[in-house]
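Student: Please pick one part of this model and take a close look at it. I would like its neighbours, its side-chain packing and its links to the rest of the chain in one connected account.

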Amino acid sequence: QLVESGGGAVQAGGSLRLSCIASGRPVSTYAMAWFRQAPGKERELVAFVNWSGVNLHYTDSVKGRFTISRDNAKNAVYLQMNSLKVEDTAVYYCAADTIGGNSGSLYHYWGQGAQVTVSS
């Protein structure tokens, strides 16, 4: 089970930190990712981290603003979001799987989602 927290409402230019805590099984050997889905839009990959934390990937629109990190000792993955824009407004989902990748179909485990709302 993956549980997200840290969502909320913030003004443009502000920051939020999302947390995802895994329970029931250790995820230290799993790839983990953050996806988001805005109203009327398809789900998109935001950021990806492999099991060791060495390989990172970000979608172009968040590069330089968002940082994904993980703490395997805490069975957790985080998404630090800085310089937030109105277009970052979406439900953010944590996902995990043994290999992962850029597509949501590659992930077997999902959190319930955390709403992030950025106002101008």
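Tutor: Strands (E, at least two residues) and helices (H or I, at least four) are DSSP runs, numbered from the N terminus. The model is predicted: local features need pLDDT of at least 70 and side-chain atom pairs count only at pLDDT 80 or more, whereas totals for chains, interfaces and linings use all residues. Residues are numbered from 1 along each chain as its sequence is written, and side-chain values use heavy atoms, with hydrogens and water left out.

The part chosen is strand E4, residues 31–37. Two strands count as paired if DSSP finds at least two bridges between them. E4 runs antiparallel to E9, to which seven bridges join it; in this pairing Ala31 stands opposite Asp97. E4 is also antiparallel to E5, through five bridges, and here Phe35 faces Leu45 as its opposite residue. E4 and E5 make a hairpin with six residues between them, and Gly40 in the turn has a positive phi of about 80 degrees.

E4 is mostly covered, with six of its seven residues buried. Buried means under 20% relative accessible area, exposed over 50%, and partly exposed in between, for a 1.4 Å probe and protein chains only. In a regular strand the side chains alternate between the two faces of the sheet.

Next, the cores. A nonpolar core is a set of buried Ala, Val, Leu, Ile, Met, Phe, Trp, Tyr and Cys residues joined through side-chain atoms within 4.5 Å. The largest one has 29 residues, and Met32, Trp34, Leu79, Met81 and Tyr92 touch the most other members. E4 is one of the strands that each supply at least two residues of this core; the others are E3, E5, E7, E8, E9 and E11. A second, separate core has seven residues, including Ala33, Phe35, Leu45 and Tyr107.

Tyr92 has contacts (heavy atoms within 4.5 Å) with Trp34, Phe35 and Arg36, among other residues more than four places away in sequence. Its contacts also include Leu18, Val46, Phe66, Leu79, Met81 and Val116.

Phe35 is buried, with a relative accessible area of 1%. The charged end of Arg43 sits over the Phe35 ring, 5.8 Å from its centre; the criterion is NZ of Lys or CZ of Arg within 6 Å of the ring centre and within 35 degrees of the ring normal.

Phe35 also takes part in ring pairing. Rings of Phe, Tyr and Trp (its six-membered ring) pair if their centres lie within 6.5 Å; planes under 30 degrees apart count as stacked, over 60 as edge-to-face and the rest as tilted. The whole structure holds five aromatic pairs. In one of them, Phe35 and Trp110 have ring centres 5.1 Å apart and planes at 50 degrees, so the pair is tilted. Because Phe35 lies in E4 and Trp110 in E10 (residues 109–110), the pair ties together parts that are 75 residues apart in sequence. Trp110 is partly exposed, at a relative accessible area of 27%. The rings of Trp110 and Tyr93 have their centres 6.5 Å apart and their planes at 75 degrees, so this pair is edge-to-face. It links Tyr93 in E9 with Trp110 in E10, 17 residues apart. Tyr93 is partly exposed as well, at 21% relative accessible area. Ring pairs join Phe35, Tyr93, Tyr107 and Trp110 into a cluster.

E9, the partner of E4 over seven bridges, also carries one end of a covalent link. Cys20 and Cys94 form a disulfide with sulfur atoms 2.1 Å apart, a disulfide being a pair of cysteine sulfur atoms within 2.5 Å. A search of the whole structure finds one such link. The angle about its S-S bond is -75 degrees, a left-handed link. The disulfide connects E3, which holds Cys20, with E9, which holds Cys94, 74 residues apart. Both Cys20 and Cys94 are buried.

E3 is mostly covered too, with five of its seven residues buried. E3 pairs with E8 in the antiparallel sense over six bridges, where Ile21 has Ala76 as its bridge partner. On E1 (residues 2–5), four bridges lead to E3, again antiparallel, and Ser5 stands opposite Ser19.
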